[in-house]
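Trainee: I am new to this structure and would be grateful for a close look at a single part of it. Please describe that part in one connected account.

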Amino acid sequence: MAGERRGLLGYYKQFEGLSEEEVNADLRDQAAERRAKALSRVEPLDLSRTTWPDYPHPAIVNAITFAARRGLHRYLDRSSAELRSELAHRHGVAEGRLVVGDGVAQLISEAAAALLEPDDELITPWPSYALYPVVARHARGVAVPITSFSVDGILEAVNERTRLVALCNPNDPTGELLGVDELARLLEALPERTVVLLDEALRDFADAEPLDATLALLERFPRLLIFRTFSKAWGLAGLRCGYALGGPGAEPLLEQLAPELGVNELAQAGALEAIRTVGGVIERRRATIAAHRERLTAELRERGLDVGASQANVLWLPAPGPHGASDLATRLSHSGIVVQTGNGVGAPDRVRLTVPHRPEDVDRFLRSLDAISG
């Protein structure tokens, strides 16, 4: 307390001998200086990640907290029974045709391990999610990246060794989408032995067709598995929770994909609460991203950039110049904006831009791009 008194006395002592007007002027100057410093500190704008940037809904945090308090002393529900039941009801499928796992990455890795024999091939359009070639190698298979995100391009690459087609749809990083009719054409034309792993991690951002339009394909094509996640639009990446759906007869295979010891109980609680309470939030996020995506695409094309149509929360921007993506990313970073270069997927002339969810951030990105381009 004595230290606090000395500090207060020292603060007020500085005003001794000054008139009231001088004191007020000095205080105004100090306040102006503080405001200037605050305005000069601009927070970085991270447009390099595909996950929703806001904090989770309080109801989800509360559900996780309650699960931790009541159950960390006991073993978890290895079958994720309540969450599976809720998801199955949500999508209109039997519970046995749905499995919950530690995110899409774990489920796809298990699918590749279960289905690939040595030297079997996994075809995937490229660039795409970098996991696919990795899981093929881990399963002693061969990854076959193709440069065409189209049914015809995939079919041209199919041969007698093709066991899997891994399709990120909408695609990360390009945002391309194969519609349900094109997917049906692909599935009809593939050999009987070939299974399609349809990764719909970014499906919640697509507005070109109904969210669950692809699920009807499961009834017609037993060689289709669909994967979804709570990491992206749901904003729960830290929970590591996703699920896979199959058609009639897929139950034995889906059982093989489940984590050996089940999904963390806190992840189950958070995902379950998300389904029950924030479904409307996801619809609003989809609409927001769609509107900002349309605006950004139009603005970038007006600036002469060849930006393809996207149904994801990302845009795949050309980065011309001798140093391509690295140079553009560096110059944007000087404005406090972070983007993902295409170097990691063999595209040094491209950057992946996550569509901002706030209109002021769209404006900020365009201002920064104009500044470095001028």
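Mentor: In this predicted model, the buried residues of helix 12 are Val 281, Ile 282, Arg 285, Arg 286, Ile 289, Ala 290, His 292, Arg 293, Leu 296, Thr 297 and Leu 300. A general rule helps in reading such a list: an α-helix has 3.6 residues a turn, so residues three or four places apart point the same way. The cover over the buried residues of helix 12 includes strand 9 (314-318), strand 12 (350-354) and helix 14 (359-373).

The length of helix 12 can also be checked. The helix comprises 24 residues, 279-302, which at 1.5 Å a residue should span 34 Å; the C-alpha atoms at its ends lie 35 Å apart, so the two values agree. After helix 12 comes Gly 304, which has a positive phi, near 85°.

Helix 14, already named as part of the cover, leads on to the largest pocket. Both helix 14 and strand 1 (45-46) supply at least two residues each to the lining of this pocket. The space in the largest pocket is about 380 Å³. Its lining consists of 21 residues, and those nearest the centre are Leu 45, Asp 46, Leu 47, Pro 53 and His 357. By class, the lining of the largest pocket holds nine nonpolar, five polar and seven charged residues.

Notes:
Residues are numbered from 1 along each chain as its sequence is written. This is a predicted model: local features need pLDDT of at least 70, side-chain atom pairs count only at pLDDT 80 or more; totals for chains, interfaces and linings use all residues. Side-chain values use heavy atoms; hydrogens and water are left out. Helices (H or I, at least four residues) and strands (E, at least two) are DSSP runs, numbered from the N terminus. The expected span of a helix is 1.5 Å times one less than its number of residues. Buried means under 20% relative accessible area, exposed over 50%, partly exposed in between (1.4 Å probe, protein chains only). Contact means heavy atoms within 4.5 Å. On a 1 Å grid over the protein atoms alone, a cavity is a set of points where a 1.4 Å probe fits but cannot get out, and a pocket is an open set with protein on both sides within 12 Å along at least five of seven lines; lining residues have an atom within 4 Å of a point. Grid points are joined across faces, edges and corners, and a volume is the space filled by probe spheres set on the points. Ala, Val, Leu, Ile, Met, Phe, Trp, Tyr, Cys and Pro count as nonpolar, Asp, Glu, Lys and Arg as charged, and the others, Gly among them, as polar.
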